[in-house]
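Colleague: Could you take a close look at one part of this model for me, a spot where two helices pack together? Once that part is clear, please walk me outward from there.

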Amino acid sequence: MVYSDANFNNKTILISGGAGFIGSNLAFYFQENYPESKIVVFDCFRSEATFSNGNLQSFGHYKNLIGFTGDIICGNINNPTDLEILNNIKFDYIFHQAAISDTRVYDQEIVMRTNINSFYWFLEKAKNDNATLVYASSAATYGSMPSPQKIGFESPDNPYGYSKYAMDQIAAKYSSLNRNTKIVGLKFFNVYGSREYFKGKTSSMVIQLGHQILNGHAPRLFEGSDKILRDFIFIDDVIQANIKACESTNSGVFNVGTGIPRSFQNIADILQKELGCNYGTEYFPNPYSGYQTHTQADISLSEENFNFKPNFSLEKGIKEYIPYIKEMFNMPLD
Ligand SMILES: NC(=O)c1ccc[n+]([C@@H]2O[C@H](COP(=O)([O-])OP(=O)(O)OC[C@H]3O[C@@H](n4cnc5c(N)ncnc54)[C@H](O)[C@@H]3O)[C@@H](O)[C@H]2O)c1
């Protein structure tokens, strides 16, 4: 499905973080719809390095890119020499997705260094190339601010959320000084869909619960999960937002959610229905403090500026997602 009238054929497109979940979906979107586009994926891919929480330091996986025929550069956004390679290419569009995407990394230095420092480079690159820059911000910038979450009312409560909040501030300042460069930040809410499997424990609860059910177990949820509501958004709608953001009337930062909060219990129930089983639900205490218990994106500005209209309800998104959930079941994570 093509989301905009813009013709990306013959355009040169950079996708940082292109071996990850959202980035690889973007890469295939362009490949499938604009065969004459030149797509460059820049990603450090996964190494074996882990954070103190036991999770990998980066989740880019070659299996997300099997079938991708564009260019691939393995590079680290923390390494100026790696970024220098990109200076040999002039880009029309830059989608900056690379980041430490794990919201439970508490080593502030590495999160800020990775997510913030390189952002200055991407801003400069966009300006010098006269490219449109679309970058990933996050609903984590809102912390526990009440719903509906609105642009301008952020209060991050973890290092990851703060790093994205800082990026938004930097982008706003940069935009005001460089009015000819289009810079659009997208605050993704809880994204689920194909090519997220290799994020392991940080993948969405949709695939994690799906695999518990396929294993013949009751889905495991925090106690009170019928009252923990989030704005879950399907990957196709996130790609829609990235594409339409290129045509945004203004630079700025915008929410990307459905605008409709749903519970974790809803996910478990829809999955069991789609998978044709009913194991009930197993509940356990929520070990986390600072846990977002209600998110709901106010998407009025996204609609106004670039006609963003989510197409997928949770029911429709999960239905569409089931074949991938089944395909990845018991797939080795390495
Ligand atoms: N998935 C979500 O629900 C969600 C929600 C809000 C915001 N986001 C943001 O969207 C973007 C994409 O998220 P995702 O879910 O695809 O995550 P992801 O972890 O799958 O993708 C991020 C990619 O960046 C790469 N990367 C990490 N550190 C790097 C480095 N130092 N140098 C080069 N590459 C590096 C990883 O290898 C990975 O491929 C991220 O910026 C994330 O913070 C995601």
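Modeller: The crossing of H1 and H6 is right-handed. This is a predicted model, so keep that in mind throughout. H1 covers residues 21–33, and H6 covers residues 235–245. Two packed helices are described by the angle between their axes and the distance between the axes. Here the angle is about 70° and the axes are 10 Å apart, which makes H1 roughly perpendicular to H6.

Now for the side that H1 brings to this contact: Phe 21, Ile 22, Asn 25, Leu 26, Tyr 29 and Phe 30. H6 answers with Ile 235, Val 238, Ile 239, Asn 242 and Ile 243. Sort those residues by class and you get nine nonpolar, two polar and no charged ones.

H1 has other company too. It lies across strands E1 (12–16), E2 (38–43), E4 (93–96) and E6, and it runs at about 160° to E1. That brings us to the sheet. Strands of a sheet pair through backbone hydrogen bonds, either parallel or antiparallel. In this one the pairing is parallel, and seven strands form an open sheet in the order E3-E2-E1-E4-E5-E6-E11. E3 (71–74) and E11 (252–256) stand at the edges with a single partner strand each, so one side of each has no neighbour in the sheet. From one strand to the next, the twist averages 20°.

At the E11 edge, the partner is E6 (residues 183–188), and the two pair in the parallel sense over five bridges. If you want a place to look, Lys 187 stands opposite Asn 255 in E11. Another helix reaches this part of the sheet: H4 (residues 159–177) lies across E4, E5 (132–138), E6 and E11, at about 150° to E5. In the loop between E5 and H4 you'll find Pro 148. A cis peptide bond joins Ser 147 to Pro 148, with omega about -5°.

Over at the E3 end, side chains come into play. Side chains of opposite charge can pair when their charged atoms come close. Lys 38 and Asp 71 do this in a salt bridge of 2.7 Å, N to O. Lys 38 sits in E2 and Asp 71 in E3, so to speak a link between distant parts of the chain, 33 residues apart. In total the structure holds eleven salt bridges.

To round off, here is a second helix pair to set beside H1 and H6. The axes of H5 (residues 205–214) and H9 (residues 314–328) come within 10 Å and cross at roughly 60°. These two are therefore oblique to each other, and their crossing is right-handed. H5 contributes Val 206, Ile 207, Gly 210, His 211 and Leu 214. Facing them in H9 are Ile 318, Tyr 321, Tyr 324, Ile 325, Lys 326 and Met 328. The residues of this contact divide into eight nonpolar, two polar and one charged. Ahead of H9, in the loop that follows H8 (300–306), lies Asn 307. Its phi is near 60°, a positive value in a residue other than glycine.

Conventions:
Residues are numbered from 1 along each chain as its sequence is written. This is a predicted model: local features need pLDDT of at least 70, side-chain atom pairs count only at pLDDT 80 or more; totals for chains, interfaces and linings use all residues. Side-chain values use heavy atoms; hydrogens and water are left out. Two strands pair if DSSP finds at least two bridges between them. Helices (H or I, at least four residues) and strands (E, at least two) are DSSP runs, numbered from the N terminus. Axes are lines fitted to C-alpha atoms, for helices over the stretch in contact, and angles run from 0 to 180 degrees between N-to-C directions. Contact means heavy atoms within 4.5 Å. Angles under 35 degrees count as roughly parallel, over 145 as roughly antiparallel, 65 to 115 as roughly perpendicular and the rest as oblique. A crossing is left-handed if the near helix is turned anticlockwise from the far one by less than a right angle, and right-handed if clockwise. Ala, Val, Leu, Ile, Met, Phe, Trp, Tyr, Cys and Pro count as nonpolar, Asp, Glu, Lys and Arg as charged, and the others, Gly among them, as polar. A salt bridge is a side-chain nitrogen of Lys or Arg within 4 Å of a carboxyl oxygen of Asp or Glu.
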